[in-house]
Amino acid sequence: MKPAVPIMKLTMALAVALALGGCALSGPPPAVDAQAPVQWQAPLPHGGTVDQLSSWWRSQGDPLLASLVEAAQAASPTVAAARSRLAQAREARVATGAALAPTVDATLTSTRASQQSAALPSNTTSQGYLQVSWELDIFGANRAARDAAQARYEGAQAGWHDARVSVAADTANTYYQFRACERLLDVARQDAASRADTARLTELSAQAGFEAPANLALARASAADAANREIAQRAQCEVDVKTLVALSAIPEPELRSRLAGGAAELSPARGIAIDSLPAQTLAQRPDVFNAEREVAAASFEVSGARAQRYPRLSIAGSIGRGQIHAAGDSVTAGTWTIGPVQMTLPVFDAGRRRASVEAAQERYEAAVTTYRGSVRQAVSEVEQALVNLQGTDLRAVQAQAALDGYRASFTAAEDLYRNGMGSLLQLEDARRTRLAAENAMIAVQRERSAAWIALYRAAGGGWNRDNPNTSVISTASNP
């Protein structure tokens with residue numbers, strides 16, 4: 001077959017396309033200033049010894065905590081959804097990248113024709129050929145779509161890690177909350193036993209006429225109040241266990257057995273080293289990186305929308321081989337075609353393409369605002385964690401001093417009461433202040449663990465933009 005267009009015209013069209021190939025349109029800057037502060041406005045932690053946050057949970061010397069975090073990440077619907085988004089972004093990247101290459105389809109045909117005239121015998125025509133089509137991306141519309149998909153894929157990788165960090169932090173917080181609840185339950189149990197013993201002694205004294213009925217009533221009320229607090233605290237610990245079961249998907253009997261044999265630490269044993277430059281720390285935040293890549297994707301989409309307002313050139317062709325069999329004879333021949341070469345010129349669309357450009361520009365501006373907002377939020381989260389860490393460190397010293405004093409005061413008041421030299425009111429007052437000091441000390445320790453976990457989360461949880469597949473626990477479950 002003859003070419004669909006003259007060779008000279010085809011050559012000229014391709015020459016023009018190649019000459020215009022350098023005219024790909026650009027969009028707004030794909031990278032913008034994050035406007036991060038030059039230094040932290042909060043004290044950095046002292047004694048940070050962990051450089052790799054990805055292994056921070058294992059460094060705590062609590063294998064149960066590490067296994068709970070890993071189990072929760074494996075069972076989390078949030079992580080599963082992030083993994084699904086990552087897979088979708090990967091396939092979108094492949095699909096948009098494929099638009100830059102030619103498409104090739106293979107076709108096989110066979111036709112049987114029968115004629116009524118003896119002069120035209122029946123015949124069979126068979127043909128096989130490859131059909132090729134290709135849009136020459138002169139102004140970069142397809143390249144812009146590919147680059148936007150690549151940016152979103154990179155952002156989805158960071159989003160997957162961010163989901164794992166969030167699940168790890170939630171699991172660790174619940175675990176340390178349960179350990180603190182155990183301590184509070186132990187304090188409540190001891191307090192209830194002490195008050196019950198005081199009530200028993202007061203009842204004996206009242207029966208002997210040495211105590212007034214009002215003191216007996218006070219002692220019984222105090223014992224009942226302590227028993228009530230113990231019951232409430234035990235219920236709270238049960239709730240924490242149920243929450244851990246839901247997070248980790250570990251059967252409750254197995255989890256209870258493992259919790260019973262685990263360490264009862266209330267806060268991480270090892271700290272986190274934070275870079276003195278905010279930009280260095282923020283560079284390791286997966287959510288900030290995701291927002292940054294969204295800016296790049298939006299920039300490429302502006303380029304693509306602009307390119308849609310310019311001509312588009314495509315070319316098609318085929319090559320194959322056919323056979324005609326008639327009256328016992330066969331004729332075989334090769335066939336090929338080039339064309340049509342098609343140039344599409346936008347003429348009138350009632351402003352649709354212009355509106356697409358303006359909409360893409362607005363999305364870009366929104367992405368920039370979101371990115372800078374995520375940077376401010378990240379700075380705030382890091383500094384809040386640093387402030388809370390410093391505060392709990394200072395408060396722990398004072399809380400311990402208060403606890404030591406109130407314990408000594410209660411012991412003295414109890415000795416006086418047992419020897420008949422102190423009143424029950426004095427004893428109950430000393431008991432109440434000691435109980436408050438015990439609970440305050442545990443609360444400070446729990447707040448310290450929450451501050452460390454918040455700092456772990458605010459520092460990115462060990463993600464690295466140079467190695468985006470870095471895992472929170474291990475690399476076994478990387479996508």
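This passage walks through the salt bridges and a nonpolar surface patch of the structure shown above. The model is predicted, and the values given here were computed from its atoms.

Salt bridges are a good place to begin. Side chains of opposite charge can pair when their charged atoms come close. In this structure, a search of the whole model finds 34 salt bridges. Three of these pairs are described below, together with how far each partner is covered by the protein.

The pair formed by Asp 137 and Arg 143 has its closest N and O atoms 3.1 Å apart. The two partners differ in their surroundings: Asp 137 has a relative accessible area of 15% and is therefore buried, as this falls under 20%. Arg 143, in turn, counts as partly exposed because its relative accessibility is 28%.

A second salt bridge joins the side chains of Arg 229 and Asp 191, with an N to O distance of 3.3 Å. This contact links distant parts of the chain, for the two residues are 38 residues apart. Arg 229 belongs to helix α5, which covers residues 213-248, while Asp 191 belongs to helix α4, which covers residues 141-207. With a relative accessible area of 1%, Asp 191 is buried, whereas Arg 229 is partly exposed at 29% relative accessibility.

This second pair also has further company. Asp 191 and Arg 229 are members of a network of salt bridges that also includes Arg 195, Asp 225, Glu 428, Arg 431 and Arg 434.

The third pair brings together Arg 363 and Glu 301, whose side chains meet in a salt bridge at 4.0 Å, N to O. Here too, distant parts of the chain are linked: the partners are 62 residues apart, with Arg 363 in helix α9 (residues 352-418) and Glu 301 in helix α8 (residues 286-307). Arg 363 counts as partly exposed, given a relative accessibility of 46%. Glu 301 is likewise partly exposed, at 27%.

Attention now turns from charged side chains to nonpolar ones. On the surface, a nonpolar patch is formed by Val 104, Leu 130, Ile 319 and Trp 336, and together these residues have about 380 Å² of accessible area. One of them, Ile 319, lies in strand β3, which runs over residues 312-326. Ile 319 counts as exposed because its relative accessibility is 53%, and the cut-off for that class is over 50%.

Definitions and conventions:
Residues are numbered from 1 along each chain as its sequence is written. This is a predicted model: local features need pLDDT of at least 70, side-chain atom pairs count only at pLDDT 80 or more; totals for chains, interfaces and linings use all residues. Side-chain values use heavy atoms; hydrogens and water are left out. Patches are made of residues with over 30% relative accessible area and no salt bridge: like charges are joined within 9 Å, nonpolar side chains (Val, Leu, Ile, Met, Phe, Trp, Tyr) within 5 Å. Accessible areas come from the Shrake-Rupley method with a 1.4 Å probe; for residues, only the protein chains shown count as cover. Helices (H or I, at least four residues) and strands (E, at least two) are DSSP runs, numbered from the N terminus. Buried means under 20% relative accessible area, exposed over 50%, partly exposed in between (1.4 Å probe, protein chains only).
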